[in-house]
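Visitor: I'd like a close look at the salt bridges in this one. Take me through the pairs, and say where each partner sits and how buried or exposed it is.

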Amino acid sequence: MRLKRLMRPRLDEPLPLWMIFPVVFAALYASHFTLLRLPYYWDEAGYYIPAAWDFFRTGSLIPITTLTNAHPPLPSIYLALWWKISGFYPEVTREAVLMVAALGLLAVGRLAMRLVGVGSVAVWTVILTGIYPIWFAQSMLAHADIFAAACTLWGLVYALPDRDRKLWAAALWFAAAALCKETAVAVPLTLAAVSLVEGFRAGGPLRFRLWREAAWLSSCALPLAGWYGYHYLKTGFLFGNAEFLRYNAQANLDPLRFLAAFGHRLLHLTAHMNLFVPVMMTIAALLLEPRPDADGHERAKISAQALWRILILLLVNALLFSVLGGALLTRYLLPMYPLVLLVAVATFYRRVPYWPGLAVFSAAAFLVGLFINPPYGFAPEDNLAFVHVVRLHEAGIAELNKRYPGATVLSAWPMTDELTRPELGYLKQPYDVFRVEDFTEAQIDKAAEEPGKFSAALVFSTKYDPPHPLLSLGSKSAELDEKYFGLHHDLPPEQIAKKLGGDLVWEKVDQGQWVALIRFERVLDALAEQAGRDAGEQPPRSDRLIRIGESFAKMPNTWRLSRRLQPYAAPQVVHHAPVLVRLNGHDERYLSPSF
């Protein structure tokens, strides 16, 4: 009987979730279709994919090939299962993450129905969430935040409404969220604290019911505590490693840093990526009187208690992520954006005639934000700018492969990971790299002191600097961002090449981001002569030069550089350096396995 009811639902009932999910996933899949083969980006490449790759290959929950930071392992397990079924390909990862994002959007719609009970409000909230630039970009990126957001939103479905709360289901979803990302535990613990306070203010049976709710909601921290205990037993560190803890928590306790971060978080929740459009229209709509429905009654609204809890969640998350997290990444607030949009759409519905027009206008603003960068600095992962970054890196590495295969490459993270880890999808053969933190003047000057340790440089913009910034909080804000949040300005590639003594041989620019390839020449006359003598052959004349920095394709039999060169050369100069040998005024290209 139950199976028959599932297969043939009543026409006057809402569609079951198992029917809605394929539609939502198909919409996400179609909108991201051209992006599914992109190699991994930024923190994907830096941690999440290597961690899942290690579990896939070895079964270890603790990352082996990257530094562990104690992030819970549920995303790694999920991705490894999909790789086991479908193979280790970027498109498999993207499709698996899109499924999680679709599950999150399903929760958004369900939450809207439980809080407002109006289908059109639920549909518009789902649409606006799905195309909001931050959610749209994160829907395909294998960061833990989209996993935690989907589970958190389902927990709210069962914990936030005034009636028919299913606390055991909420606790399970919140526990899963905490096992995706540890900071997700903030949402259920906030709701538990609210229930606890309300219990003290209530009396009789209501007090014990509220306290029981607080206990259920707090229980989701137990699996996370178990994970941390396991991590401590395996590594000796409770919270990842000392540097991770310092960067993401201990270094963030300065009061001025907290105030600056809190200001950024308020902007993230109310204005960033054109979110100011529905927020400002919501504020304006509140000046209007509620409109009656067809029966003359006031239209449905979010209850005062649920709205109060939503506002508390927004405030707690803004405060929490003003302290935790060294970088002010907007994806940390990912489950909060649907709540902001739900409040906005519910207000439109209740107070504004022809309210779908406001929803359409908000959707148009979000679509603009997807493709057009804001007039201020931001993280490329907040919209489709990250796609341009990935393709620039692909083009740079392809140019490096074509011109200087085998070079030792000066670069910065994440390019250094992209050059050394073929599993990230950028290349098949790894390079030796010389790492710098970024391409600021201080870092380039430091690298210039060790010129023999690299034979090519693949440099790129590590921060987005808008060409004509229209919005700025002033020089004082910029100083705070430089001091506390890692804001810096990379040198242009021409200056980098000049400071390092190289030649800029290739450059590509796309929407304010750039990547460039630099070649270096090192003259080693005496070493060439000694190499020829050791080989028992006619040595080159003194005016014949060995120039490090060119690629080469063949090794002649008449005059060969070999390992005999190494005792006479500084190892840091010749190790892994491709060379061009110029003889009799003609250039001949070589590839020596000994270099």
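Guide: Let's start with R37, which is exposed because its relative accessible area is 65%. The cut-offs here: buried means under 20% relative accessible area, exposed means over 50%, and partly exposed is anything in between, using a 1.4 Å probe and protein chains only. Bear in mind that this is a predicted model, so local features need pLDDT of at least 70 and side-chain atom pairs count only at pLDDT 80 or more, while totals for chains, interfaces and linings use all residues. Residues are numbered from 1 along each chain as its sequence is written, and side-chain values use heavy atoms, with hydrogens and water left out.

R37 has a partner in E91: their side chains form a salt bridge, with N and O 3.2 Å apart. E91 belongs to helix α5 (residues 90–115) and R37 to the loop between α2 (17–31) and α3 (43–58), so this pair ties together parts that are 54 residues apart in sequence. Helices here are DSSP runs of H or I with at least four residues, numbered from the N terminus. Unlike exposed R37, E91 is buried, at 19% relative accessible area. As for what counts as a salt bridge, a side-chain nitrogen of Lys or Arg has to be within 4 Å of a carboxyl oxygen of Asp or Glu. Apply that rule and you get 19 salt bridges.

Next, look at D43 and R331, whose side chains meet at 2.6 Å, N to O. D43 is in helix α3 and R331 in the loop between α16 (304–323) and α17 (336–351), so here the salt bridge ties together parts that are 288 residues apart in sequence. D43 and R331 are both buried.

Then there's R350 with E298, where the closest N and O atoms of the salt bridge are 2.7 Å apart. This one also links distant parts of the chain, 52 residues apart: R350 lies in helix α17, and E298 in the loop between α15 (276–285) and α16. R350 counts as buried because its relative accessibility is 8%, whereas E298, at 53%, counts as exposed. And D43 and R331 aren't just a twosome: salt bridges with shared partners join D43, D145, K181, R331 and E381 into one network.

How values were computed:
Helix = DSSP H or I, 4+ residues; strand = E, 2+ residues; numbered from the N terminus.
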